[in-house]
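Biologist: Before we look at the model, I would like each term we use to be set against its cut-off. Could you take me through it in that way?

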Amino acid sequence: MNGKDEFLFKKSTLMSTGAGRDIIKQALLREKGYKQFSKYSRETEEQFQDFTKRYLLSLHKLIISDQNPSASLRKFSEEIGSSEMVLDDSKIQDVMARISRPEILADRVERILNSNFVLMTFPVLNALFDGAAAYFQESISSEVRTTIIDGHIIAIDLSEPMDRIIDRDEDMDYLDDYKLMNPYILEVARQKISVGGDVVLRSFEEGFKDARVGQYIDSRLKAKPESVTDENMMGCYKKYRAIMGTAARNMALDRKPLGEIYHLGMAKASEGVGCGNEIQDAIKNGSIKIPSWPLYYSIITGDVQKAFELTMRKSSIYLDEAKIALDMLPHEYGFRPFLEFLFQYVSHYNQYWFNELNKRDLYALLQKNLTLGDLHRK
């Protein structure tokens, strides 16, 4: 499995969860899902460097050809609807000169690509695309396939610098560079996705709009975390549904039934991963993420430990919804085992971090930090 936390998929770690033990069993029996998943994981390791080079070349070309970066950034910030993406005009010239240097740009791209969201999505989109092509019995050139997948991975990667700018919890020395890179990352993604045709591009634009809605709710809750509700947490999670669900839908070139089934399965699976990520972040930071399901449940119940238990139940609900998509797949679709195996990984990921939270006994610290932040139930 590819990702920043590769230790999660070592045998000793897999043995620590029920889902992980099922994964080991499938590997030992060489079941179809394991073989399909291994194939695309190996291909990712072989192809990711070439993808990075293509990404860099396209991004660098746009950056050095832009005669008015200030206008480009202003347009992007207006489209996103966030003043946090704006860079002072006095800084733009220096930042532009910096990211125009290939070695500097390569460093920044490598940083934002070093993300579980990106690394773990790459093999998934490749498998979904091939599954759809086989189901629809069509031959799509490798160049078109690569370009469409590249575009969606780059669009997913855009969430990394944007999140780091808003959260301000890592890469603090590079946030100005990220701000000016953002418009060009989005434009590269759009150019590549458009190769799939108007229907695919329109699907992406609709999903991107939904993701911005989710991001807006997220930013409002960061400013006023005590206002979190079940309803606006579902709205906040719209960014997960929109980003991953849209990318999955477009691996079938937005054609039914697979496009809709892909969207349901991957949107819900990504929400499930979101819960696990919130648990992982709590361990890493020693505090509850704002906003998050653990925060919501903590405020309502006044009990941090119970809040994380409820978050795990929420992740299971998301994953159960994702599994509904499996039963919607046409009988002749050949990649169901891949998806079943993928969902096992999601379950293992979440369970591992929940177990780790309990093992480290961090609840008292998390409760204390929540209280100090004046977010506990009055």
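Modeller: Let us begin with the word contact, which means heavy atoms within 4.5 Å. The model is predicted, and under that rule Ser 298, leaving aside its neighbours within four places in sequence, is in contact with Ile 288, Asp 303, Val 304, Ala 307 and Leu 370.

Biologist: What makes Ser 298 count as buried or exposed?

Modeller: The limit for buried is under 20% relative accessible area, and Ser 298, at 1%, is therefore buried. This serine is found in helix α14, residues 293-301.

Biologist: How do you know which backbone oxygen lies 2.7 Å from a polar atom of the Ser 298 side chain, and that the pair is a polar contact?

Modeller: The oxygen belongs to Pro 294; because a polar contact needs N or O atoms within 3.5 Å, a distance of 2.7 Å satisfies the limit.

Biologist: Why is Ser 203 called buried?

Modeller: Its relative accessible area is 5%, and since buried means under 20%, the term applies. Ser 203 lies in helix α10, residues 198-223, and outside its neighbours within four places in sequence it is in contact with Thr 246, Arg 249, Asn 250 and Asp 254. With the side chain of Asn 250, the Ser 203 side chain makes a polar contact at 3.2 Å. As for Arg 249, its C-alpha atom is 8.2 Å from that of Ser 203, although the two residues are 46 residues apart along the chain.

Biologist: What places Ser 159 in the buried class?

Modeller: A relative accessible area of 11% does, because the class takes values under 20%. Ser 159 is found in helix α8, residues 142-167, and, setting aside its neighbours within four places in sequence, it is in contact with Phe 117 and Ile 243. Its side chain also reaches the backbone oxygen of Ile 156 at 2.6 Å, whereas the C-alpha atom of Val 304, 145 residues along the chain from Ser 159, is separated from that of Ser 159 by 29 Å.

Biologist: Which residues have the most contacts inside the largest nonpolar core?

Modeller: They are Leu 59, Leu 128 and Phe 308, in a core of 116 residues, to which helix α16 (residues 336-360) gives the largest share, 12 residues. Leaving aside neighbours within four places in sequence, the contacts of Phe 308 include Ile 279, Phe 354, Leu 357 and Tyr 363. As a general tendency in soluble globular proteins, nonpolar side chains are buried together.

Biologist: How many cavities of 30 Å³ or more are there?

Modeller: The count comes to two. The largest has a volume of about 50 Å³, and the second largest holds about 40 Å³ of space. A space is called a cavity because a 1.4 Å probe fits there but cannot get out.

Biologist: What classes of residue line the largest cavity?

Modeller: Nine are nonpolar, one is polar and none is charged. Gly 265 is among the lining residues, and Gly counts as polar by definition. Helix α13 supplies the largest share, four residues, while α13, α15 and α16 each supply at least two.

Biologist: How does the lining of the second largest cavity divide by class?

Modeller: That lining has four nonpolar, no polar and four charged residues. Among its members are Asp 218, Lys 239, Glu 278 and Lys 289, and Asp, Glu and Lys count as charged. Pro 291 also lines this cavity; the peptide bond from Ile 290 to Pro 291 is cis, with omega near -10 degrees, and Pro 291 is found in the loop between α13 and α14.

Biologist: Where is the cis peptide bond with omega of about 5 degrees?

Modeller: It joins Lys 256 and Pro 257, and Pro 257 is found in the loop between α12 and α13. Most peptide bonds are trans, and most residues other than glycine have a negative phi. In that same loop between α12 and α13 is Leu 253, whose phi is near 55 degrees, a positive value.

Biologist: What makes Leu 253 and Asp 171 buried or exposed?

Modeller: With the buried limit at under 20%, Leu 253 at 18% and Asp 171 at 16% therefore count as buried. Asp 171, in the loop between α8 and α9, likewise has a positive phi, near 55 degrees.

Methods
Residues numbered from 1 in each chain as written. Predicted model: local features only at pLDDT ≥ 70, side-chain atom pairs only at ≥ 80, totals over all residues. Heavy atoms only, no water. Core = buried A, V, L, I, M, F, W, Y, C linked by side-chain atoms within 4.5 Å. Buried < 20%, exposed > 50% of the residue type's maximum accessible area, 1.4 Å probe, protein only. 1 Å grid on protein atoms, 1.4 Å probe; cavity = no way out; pocket = protein on both sides within 12 Å on 5 of 7 lines; lining within 4 Å. Points joined across faces, edges and corners; volume = space filled by probe spheres on them. Polar contact = N/O pair within 3.5 Å; in protein donor to acceptor, adjacent residues only side chain to side chain.
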